[in-house]
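Q: I want to learn how to read a ligand site in a model. Can you take me through one?

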Amino acid sequence: MTQRIIIGISGATGPIYGIRLLEALQHTPVETHLIVSEWAEKTIQIETDYKPSDVKKLADYVYPSGNQAARISSGSFVTDAMVIVPCSMKTLSSVAHGFADNLIARAADVILKERRKLLLIPRETPLHEIHLENMLRLSRMGVTVMPPMPAFYNNPETIDDMVNHTVSRILDQLHIENDLTKRWLE
Ligand SMILES: Cc1cc2nc3c(=O)[nH]c(=O)nc-3n(C[C@H](O)[C@H](O)[C@H](O)COP(=O)(O)O)c2cc1C
């Protein structure tokens, strides 16, 4: 059966990770449901050559982050997984505490209550105790917490190589075959 995946892009630096994930999923049968936070719209404009409207065209369905009435706000709309990429510390905190203040946090809250798969790609450095506690709290609930840490064993030559490596590891977690990065095959 086709996977139905929610992608939340929040306002941490690195919206390119979310954009690349959407691009990679274009070549798969996955049905994508996208939410871009208000601050992610800003980081997309600051950091990339994409317009937020271009990014939204990469998804099958798009919801405004303020629309708590969207179908992904309800557990009755069945989904397979959600990825928040990148995940700001504010969104991390909302998810860790069930605050559901916007549609990204609410959709993640639904994923948690329905015991579905949630992947967070938190981006901040350095991290203080609250950030770390929030990540631990979610990890203990079964959430996959995978900060976008570049690897060097695959000899990246460009920023794209580094972005693709992280996105490849996200796709691996979703059991989606991909050859976005060089794998360690010694
Ligand atoms: C250019 C830029 C880069 C930012 N980078 C980060 C970051 O790496 N991590 C983070 O937690 N917040 C970062 N922020 C701050 C968040 O955007 C801010 O906390 C915002 O309220 C997050 O809201 P959201 O999670 O709903 O998108 C950044 C903001 C800007 C404008």
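Q: Which backbone contact does Arg-123 offer the ligand?
A: Look for polar contacts, pairs of N or O atoms within 3.5 Å. Here a backbone N or O atom of Arg-123 sits 2.7 Å from a nitrogen atom of the ligand. The protein covers 73% of the 640 Å² of accessible area that the ligand has on its own (Shrake-Rupley method, 1.4 Å probe). This is a predicted model: local features need pLDDT of at least 70, side-chain atom pairs pLDDT 80 or more, while totals for chains, interfaces and linings use all residues. Numbering runs from 1 along each chain as its sequence is written, and side-chain values use heavy atoms, without hydrogens and water.

Q: What does the side chain of Thr-91 contact?
A: An N or O atom in that side chain of Thr-91 is 2.5 Å from an oxygen atom of the ligand. Thr-13 uses its backbone instead: an N or O atom there lies 3.1 Å from a ligand nitrogen.

Q: How many residues surround the ligand?
A: Count residues with a heavy atom within 4 Å. The ligand has 15, and the closest are Gly-11, Ser-37, Ser-88, Thr-91 and Arg-123. The shell divides into four nonpolar, eight polar and three charged residues, with Gly counted as polar. α2 (38-47) and α4 each supply at least two of the shell residues.

Q: Is Ser-88 buried or exposed?
A: Buried means under 20% relative accessible area, exposed over 50%, partly exposed in between. Ser-88 has 13%, so Ser-88 is buried. Ser-88 lies in the loop between β4 (81-87) and α4 (89-96). Beyond four places in sequence, Ser-88 touches Ser-10, Gly-11 and Ala-12 (heavy atoms within 4.5 Å).

Key. Helix = DSSP H or I, 4+ residues; strand = E, 2+ residues; numbered from the N terminus. Buried < 20%, exposed > 50% of the residue type's maximum accessible area, 1.4 Å probe, protein only. Polar contact = N/O pair within 3.5 Å; in protein donor to acceptor, adjacent residues only side chain to side chain.
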